[in-house]
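Let's walk through this structure together, beginning inside one chain and ending where two chains meet. Keep the view open beside you and turn it as we go.

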Amino acid sequence: MPSVSLSKSDIVAQARALGAELVGLAPIDRWNDLAEVPANRRPQAIWPRTRTVIVLGVPLWLPVVEAAPSQLGREQIIVTDKLLEEAAYRLSVFLNERGHAAINVPRNSEDEPDSPDEVPRVFSHVWAGQLAGLGKVGRSRALLTRGFGPRQRLISVFTALPLDGDALVEAPLCTRCGNCERICPAHALSTSPGQWLATVDASACATNHKRLRAAFRDPCGFCHKVCPVGEDRALFGSTDTQKYFDEAAVLAQNPFAPQYQDWLHIRKYGGLPLPEDPTSIR
Amino acid sequence: MPGSSQIHLSKATIASEAKRLGAALVGFAPVSRWAEHGDLSWEFDPQRLWPKAKTVIAMAVPSLLPVTETDSSHVYRSQYNNTNQLLDKIAYRLAAFLNRHGHAAINICRDGYGEGVMKIRPIAVFSHVWAGHYAGLGEVGWNHCLVTREFGPRHRLVSVITELALEGDPMIEEGSLCNKCLLCQKACLTQAFSGNRKKDRRSNMNKFACFDRRAKFKSAQHCGFCLKVCPVGLDRELYGAAKVSQYFAERKAIFAEDGVPLDLVHPLGSETSEIQNTEG
């Protein structure tokens, strides 16, 4: 195949045309000093010809995330993941057709708690996102972006084409507020003094997910909805994170408290009742 | 980025973006229409789902008639799944387009139920059918589907809800598309529709009867009789579609093949329980 010269902006434009809302590039040497990703999970260990990792992201809409656990939230994940998989595959083909070898790395290799005991975690799109300048990994170990906090899904394309990396986000973004740790219904996050990233009890998180999945209400996403970071909070007019902590007590007093009726409506339809959650069966 | 300031978007710009993404029909419904018309319980008002909602953008893609006619086939099932996936992608990307320009929006996904949940509680969080009705794409017909000028009831729908206030499209005048010919009622394998065409705007629909067809008919797992039989739609002309009598001959053959006595209950039989139409 003859090689066609492609600029970074051509590739970014193509990724956006395919539906990516966030696009960042990371040269592979950026993995060299990253202790969090072991050597056998770095791009060159997965595909030796890799020179650049292109990370794509699509946001999750806060009004759907904060209504979890709901069937609508589950559908949102299905739709965004399918879109990402297709965009990454097509971007790889776009590069290949122009003579630049590329492969897409599927989403399910993510170090996410969906089913950590079943799915081998090949590659972390989260750390790739940080190295591609999309954001910074926060306390909950999600990638936080300026635009959407932790509320986005990510995927990666590996290419043999050397390209300039995007500027890294220098600001920490994570405010250390601890909301993610406090809200977690599975108590899966814990942080010792001086520890920057929480320790994740993946099995506790997965157990909670399985419970929700059986009712068609996964993912949980509580650690995503409570995060105060993200310009989407102002866009969607939901900046008061205390509301999530007050919910149970307010609804116990008044099940018709108006400020929660949208979430209750979304939870009510489409999923199976959760026996231990009275708001799911109203 | 959501942090950037709002960029003006006209209705025409939004509609052309929706079409570029693959929508065949696009309509705009101000949320006030739900309360004004009162067809649904207040619980299904878009503002109940999202208090900032100002406009619902309804979009449709057609189900192609010759495929819809093969309603018990794998091809039909495949069309159903593919159109749903396409719609979900269109709606997500249109919401992203609006958010990117500083106008908050969310897409409401097509499939409103976990597997098996529809049999327990056949009510979805939001009705795309009524959204299409209020957005002027068509009118809710006797068979509780949105009957459109272009495709009759042969299409799939999805919705995007936005805080951006936009002028509503004119609604279809009542009775101008569905003239209550009752062919859908007569063709239905399970007598799911009933009612009095002189008094009722649309039938009572027994959704449970509709689901039960799977247990009753091995050869009608993915039924679409009430869709293909509808005489409304420019698509009939485009495809030079079959005469309606052919569908009734097919119906008779299905009863024979599955050993079910033909029309145990007369298609124009007794009233069935009224179930709110909030198709997912």
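In this predicted model, a good place to start is chain B, where the C-alpha centres of domain 1 and domain 2 lie 22 Å apart. The contact between these domains draws on 28 residues of domain 1 of chain B and 27 residues of domain 2 of chain B. On the domain 1 side, α4 (65–68), α5, α6 (117–120) and β5 (146–148) of chain B each contribute at least two residues. By class, that side of domain 1 of chain B consists of 13 nonpolar, eight polar and seven charged residues. If you would like to colour the two parts, the domain assignment of chain B places domain 1 at 11–162 and domain 2 at 183–257.

Now zoom out to chain B as a whole. Its secondary structure amounts to 12 helices and eight strands. The radius of gyration of chain B is 19 Å, close to the 19 Å that the globule rule gives for 280 residues, so chain B is as compact as a globular protein of that length. Along the principal axes, the C-alpha atoms of chain B fill a box of roughly 65 × 35 × 35 Å. Of the 280 residues in chain B, 50% count as buried. Among contacts in chain B with a separation of 6 or more, 77% join residues 24 or more positions apart.

Chain A can be read in the same order. You will find 11 helices and eight strands in chain A. Its radius of gyration is 20 Å, which agrees with the value near 19 Å for a compact globule of 282 residues. The C-alpha trace of chain A spans about 70 × 40 × 35 Å along its principal axes, and buried residues make up 47% of the 282 residues in chain A. For contacts in chain A with a separation of 6 or more, residues 24 or more positions apart account for 72%.

With both chains in mind, turn to the place where they meet. Here 29 residues of chain A are in contact with 29 residues of chain B. Which elements of chain A each supply at least two residues to this side? They are α3 (62–65), α4 (71–97), α9 (232–235) and α11 (261–268) of chain A. The most comes from α4(A), which gives eight residues. Taken by class, the side of chain A that touches chain B has 12 nonpolar, 10 polar and seven charged residues.

Let's follow α4(A) across to its partner. The axes of α4(A) and helix α5 (residues 74–100) of chain B come within 10 Å and cross at roughly 90°. That crossing makes α4(A) roughly perpendicular to α5(B). At this meeting, A:V79, A:T80, A:K82 and A:L83 of α4(A) face B:Q85, B:D88, B:K89 and B:Y92 of α5(B) in contact. The residues of this contact between α4(A) and α5(B) comprise three nonpolar, two polar and three charged.

Our last stop is α11(A). The buried residues of α11(A) are A:W263, A:H265, A:I266 and A:R267. These buried residues of α11(A) pack against α4 of chain A together with α3 (46–49) of chain B. Just beyond, α11(A) is followed by A:G270, with a positive phi near 95°.

Terms used. Residues are numbered from 1 along each chain as its sequence is written. Chains are lettered from A and ligands numbered from 1 in the order in which they are written. This is a predicted model: local features need pLDDT of at least 70, side-chain atom pairs count only at pLDDT 80 or more; totals for chains, interfaces and linings use all residues. Two residues are in contact if their C-beta atoms, placed from the backbone, lie within 7 Å. Helices (H or I, at least four residues) and strands (E, at least two) are DSSP runs, numbered from the N terminus. Ala, Val, Leu, Ile, Met, Phe, Trp, Tyr, Cys and Pro count as nonpolar, Asp, Glu, Lys and Arg as charged, and the others, Gly among them, as polar. A residue is buried if 20 or more other C-beta atoms lie within 10 Å of its own, exposed if 12 or fewer, and partly exposed in between; C-beta atoms are placed from the backbone. The radius of gyration is taken over C-alpha atoms; the globule rule is 2.2 Å times the number of residues to the power 0.38. Axes are lines fitted to C-alpha atoms, for helices over the stretch in contact, and angles run from 0 to 180 degrees between N-to-C directions. Angles under 35 degrees count as roughly parallel, over 145 as roughly antiparallel, 65 to 115 as roughly perpendicular and the rest as oblique. Domain bounds come from an automatic or database domain assignment.
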